[in-house]
Amino acid sequence: MKRNYRVGRWLIGVAGAHMALTLLLFGDGILSVFEHGPIGAAMTEVEMAVCAILFGIVLSICGVVASKRECLSPDPLPKSFGWNLLVLALLGIVVMPMSGFWLVLLAAIEVLEGESATQRTTVES
């Protein structure tokens, strides 16, 4: 039976369109964060809370997908997943330096090293 890859591709397309629209509508605000840093850009507590919640939701979705994949396959997670985690972590660190995004770097490095859970278990045994 042929596998259906529509959901993943759809979500990638929606994410791309969402980011492009964000740049078009809020480009000045985003530039301000990169030019002045998150503190210099004077993000309000509400804006920081929204960023934290949204990043948390995205990270939990990534965690569920990665966990399911690790349970179903002995193969390493795709490098593209690791690169996307790395970008997400670095953006999170830029926007909120005093956050848990530093911990996401560990997961990104693990994925980019490309060693599967089964390979680690075999080496440790």
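Which residues of α4 are buried? The legends below take up this question after an overview of the predicted model.

**View 1. The whole chain of the predicted model, built from helices.** The secondary structure of this protein amounts to 5 helices and 0 strands, and, read from the N terminus, the elements follow one another as α-α-α-α-α. The protein has 125 residues, of which 21% count as buried.

**View 2. Helix α4, with its buried and its exposed residues.** To return to the opening question, the buried residues of α4 are F101, V104, L105, A108 and V111. These residues lie on the same side of α4, because the arc they cover around the axis is only 130°. L103, L106 and E113, by contrast, are exposed on the other side of the helix. Helix α4 takes in residues 101-113, and its 13 residues reach 19 Å from the first C-alpha to the last, which is close to the 18 Å expected at 1.5 Å a residue. After α4 comes G114, a residue whose phi is positive, near 75°.

**View 3. Helix α3, seen around A89.** The end C-alpha atoms of α3 are 24 Å apart, in agreement with the 24 Å that its 17 residues should span at 1.5 Å a residue. The buried residues in this helix are F81, G82, L85, L86, L88, A89, G92, I93 and V95. For A89, the relative accessible area is 0%, and the residue is therefore buried, since a value under 20% is what buried means here. A89 is also a useful point from which to look along the chain to F55: the two residues are 34 residues apart in sequence, while in space their C-alpha atoms are 9.4 Å apart.

**View 4. A nonpolar patch on the surface, with V46 as one of its residues.** The patch covers about 660 Å² and is made by V46, V50, I53, L54, I57, I61 and V65. V46 belongs to helix α2, which comprises residues 45-72. Because its relative accessibility is 61%, and exposed means over 50%, V46 counts as exposed.

**View 5. S73 in the loop between α2 and α3.** The loop that holds S73 lies between helix α2 and helix α3, the latter comprising residues 79-95. S73 has a relative accessibility of 16%, and so it counts as buried, the limit for that word being under 20%. A polar atom of the S73 side chain lies 3.1 Å from the backbone nitrogen of D75.

How values were computed. Residues are numbered from 1 along each chain as its sequence is written. This is a predicted model: local features need pLDDT of at least 70, side-chain atom pairs count only at pLDDT 80 or more; totals for chains, interfaces and linings use all residues. Side-chain values use heavy atoms; hydrogens and water are left out. Patches are made of residues with over 30% relative accessible area and no salt bridge: like charges are joined within 9 Å, nonpolar side chains (Val, Leu, Ile, Met, Phe, Trp, Tyr) within 5 Å. Accessible areas come from the Shrake-Rupley method with a 1.4 Å probe; for residues, only the protein chains shown count as cover. A salt bridge is a side-chain nitrogen of Lys or Arg within 4 Å of a carboxyl oxygen of Asp or Glu. Helices (H or I, at least four residues) and strands (E, at least two) are DSSP runs, numbered from the N terminus. Buried means under 20% relative accessible area, exposed over 50%, partly exposed in between (1.4 Å probe, protein chains only). The expected span of a helix is 1.5 Å times one less than its number of residues. The arc is that of the directions from the helix axis to the C-beta atoms. A polar contact is a pair of N or O atoms within 3.5 Å; within protein, one must be able to donate a hydrogen and the other to accept it, and residues adjacent in sequence count only if both atoms are side-chain atoms.
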